[in-house]
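Good morning, colleagues. Please take a moment with the sequence and the model before I begin.

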Amino acid sequence: MICTKSYSNLIEMFDEMAQKIPEEIAVICSGVRITYNAIYDKSILISNKLLELGIKPKDIIGIMMERNVEIVPTMIGILRIGAALLPIDKDYPEERIKYILNNSKCNILFADKEEIAYDVNVIKVKDIFEQNNTNSVNNHRYKYGEKIISENIAYVMYTSGSTGNPKGVMLSHRAIIAFINGISRLVEFNQGKRILAVATISFDLSIVELIVSLTRGMSIVLAQEHIINSSRKLLEYIKEQEVDILQMTPSRMSLLIESSKEYSWLDGITEILLGGERFPEKLLETLKNNTKARIFNLYGPTETTIYCAGHEMTNEDNITVGKPFYGTRIYILDEQQNEIRNGTPGEIYIGGLQLANGYIADSELTENSFIIKTERLYKSGDIGKIDEHGNLVILGRSDDQVKIRGFRVEANEVAEILGRYEKVKQAVVVSKKGKNDNLYLCAYYISDEEISVREFREYLKKFLAYYMIPDEYVRLDKFPETLNHKIDRRKLTILSDIKEPLV
């Protein structure tokens, strides 16, 4: 269902849906169900509280809560007055949380408890809902959304920064609406469908699950942490709640598949959305053989609003992310920022409606990352190429490219070939420093049995040049993950120091 109406902000979209389907279920969580009408009313209470505190449009409001039904109306309530939402994961280290609050100049933080050691005004959400009668809201429905212009910041998402401190990406209502219009042309985000919510709120995939879904009339199946942290419980929850749409990283999907003895949990799924990292060919093959769901490979840096390109892989063999979403443009540029048109790899630059406004409190980084050519472009740091069908192929990161014995090597290419080996379930390849600071490749893999170095090398030399074959191989039971359920490459090297390599 493609959006044909023009909207200025996300609140207009949500309120229209709340008026259209007020008694439909908006959120399901641990046996609790809450309707669109209830979300609307509770969001008004949050907005009223913020107005009492003198909050103005463009102010940044933090949210650091447990995963429950109250988190959704709190997010909507913040957006309703034109303020910007700042999601913070409660499991972040204390120093990281302090930095984010100070850097963003956030003065108000919604939380589950008031006893938090940060220099901000902490508001306990339960108190707002318990002290107010939502029935009284129905008599005077406010229209805060009319005051929000499309360029207003909707949310600030902090991602890892090269300086050691996270960087806050500012995304506008305009950019998110453009994203909704773009992805709706590819994926059937239709009214009544149920989408599983497993992403931490500090990961931009959560915006799809908790905000975008409500603008489309869907139901959120919100999994709590004790379910997310147990593959067995999560598989049961997917079946029990009759989920239609799954969205997660390929790493998380691979972990679920490895944990399941059979695939009945996929029977009711209609769409599988995978993004955030490389999509292994072996995972695609497994999904195609065990589900009738449509399978999508999605790509996009946080700076381009969640996803900016995607491709349905259901009947495909070659992994691509297809073409850019409507309103988005993607270019492959060389080191001199000249466009490459012949399928040669280069850096991916992205333009169009989905671009972020920049980084909060960092004009220098904004200027360096968002360049001006014939239009404003985001310099992604990702390496890719356009294939003969006009589809974008992601090859890796510019910082993953290393020189081994004078040759330029793409570590992800080596990992892809390694992952095809029948005995290997998953593989990751990184560069490490050896004697005299010379770089060499180290392969980390998951398998049911130990594989000798000789066996690996005999297999790899059929496909790779000699300088691309890893020197070290480390077998692990599972890969370490970040809070966003991506493979944590930094921790891999620590694990290899603890666990003796198989060389």
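Which residues of H3 are buried? Before I answer, please note that this is a predicted model, and that every value I quote is computed from it.

The buried residues of H3 are Ile71, Val72, Pro73, Thr74, Met75, Ile76, Gly77, Ile78, Leu79 and Arg80. That is 10 of the 10 residues of the helix, so H3 is largely enclosed by the rest of the structure. Just after H3, Gly82 takes a positive phi of about 85 degrees.

Let me stay with one residue of this helix. Ile76 has its place in H3, and it counts as buried because its relative accessibility is 2%, where the cut-off for buried is under 20%. Leaving aside residues up to four places away in sequence, Ile76 touches Ile11, Phe14, Ile39, Ser43 and Ile211. For a distant reference point, consider Glu312: Ile76 and Glu312 are separated by 236 residues in sequence and by 31 Å in space, C-alpha to C-alpha.

Ile76 also leads us to the internal voids. How many cavities of 30 Å³ or more does a search of the whole structure find? The search returns 2.

I take the second largest cavity first. Its volume is about 30 Å³, and its lining consists of Leu10, Ile11, Phe14, Ile76, Leu79, Ile211 and Thr215. Helix H1 (10-20), helix H3 (71-80) and H7 are the elements that give two or more residues to this lining. The most comes from H1, with 3 residues. By class, the lining of the second largest cavity divides into 6 nonpolar residues, 1 polar residue and no charged residue.

The largest cavity has a volume of about 60 Å³. Its lining is made up of Val198, Ala199, Phe203, Leu205, Glu209, Gln247, Met248, Thr249, Arg252, Asn484 and His485. Here helix H7 (205-215) and strand S11 (245-248) each supply at least two residues. In terms of class, the lining of the largest cavity has 5 nonpolar, 4 polar and 2 charged residues.

H7 has now appeared in the lining of the largest cavity and in that of the second largest cavity. How many of the residues of H7 are buried? The count is 11 of 11, and the helix is mostly covered. The buried residues of H7 include Glu209, Ile211 and Thr215. Of these, Glu209 lines the largest cavity, whereas Ile211 and Thr215 line the second largest cavity. Just after H7, Gly217 takes a positive phi of about 80 degrees.

From the closed voids I turn to an open one, the second largest pocket. About 320 Å³ of space lies in it. The lining of this pocket comprises 17 residues, and those nearest its centre are Ser251, Leu255, Lys478, Phe479 and Glu481. Which helix gives the most to the lining of this pocket? It is helix H10 (residues 250-259), with 5 residues. The classes in the pocket lining are 6 nonpolar, 6 polar and 5 charged.

My next example lies in a strand. Val393 belongs to strand S21 (residues 392-397). Is Val393 buried or exposed? Its relative accessibility is 12%, and it therefore counts as buried. With residues up to four places away in sequence left out, Val393 touches Ile319, Thr320, Ile383, Gly384, Lys385 and Asp387. Val393 and Gly343 lie 9.7 Å apart in space, C-alpha to C-alpha, with their positions 50 residues apart in sequence.

Finally, the chain as a whole. The secondary structure of the protein chain comes to 15 helices and 26 strands. The radius of gyration of the chain is 23 Å, close to the 23 Å that the globule rule gives for 503 residues, so the chain is as compact as a globular protein of that length. Taken along the principal axes, the C-alpha atoms fill a box of roughly 75 × 50 × 45 Å.

Buried residues make up 57% of the 503 residues. Among contacts with a separation of 6 or more, 64% are between residues 24 or more positions apart. The accessible surface of the chain comes to about 22400 Å², and carbon and sulfur atoms account for 45% of it.

Thank you for your attention.

Key. Residues numbered from 1 in each chain as written. Predicted model: local features only at pLDDT ≥ 70, side-chain atom pairs only at ≥ 80, totals over all residues. Heavy atoms only, no water. 1 Å grid on protein atoms, 1.4 Å probe; cavity = no way out; pocket = protein on both sides within 12 Å on 5 of 7 lines; lining within 4 Å. Points joined across faces, edges and corners; volume = space filled by probe spheres on them. Helix = DSSP H or I, 4+ residues; strand = E, 2+ residues; numbered from the N terminus. Nonpolar A, V, L, I, M, F, W, Y, C, P; charged D, E, K, R; others polar. Rg over C-alpha atoms; globule rule 2.2 N^0.38 Å. Buried < 20%, exposed > 50% of the residue type's maximum accessible area, 1.4 Å probe, protein only. Contact = heavy atoms within 4.5 Å. Areas by Shrake-Rupley, 256 points an atom, 1.4 Å probe, with all protein chains shown as cover.
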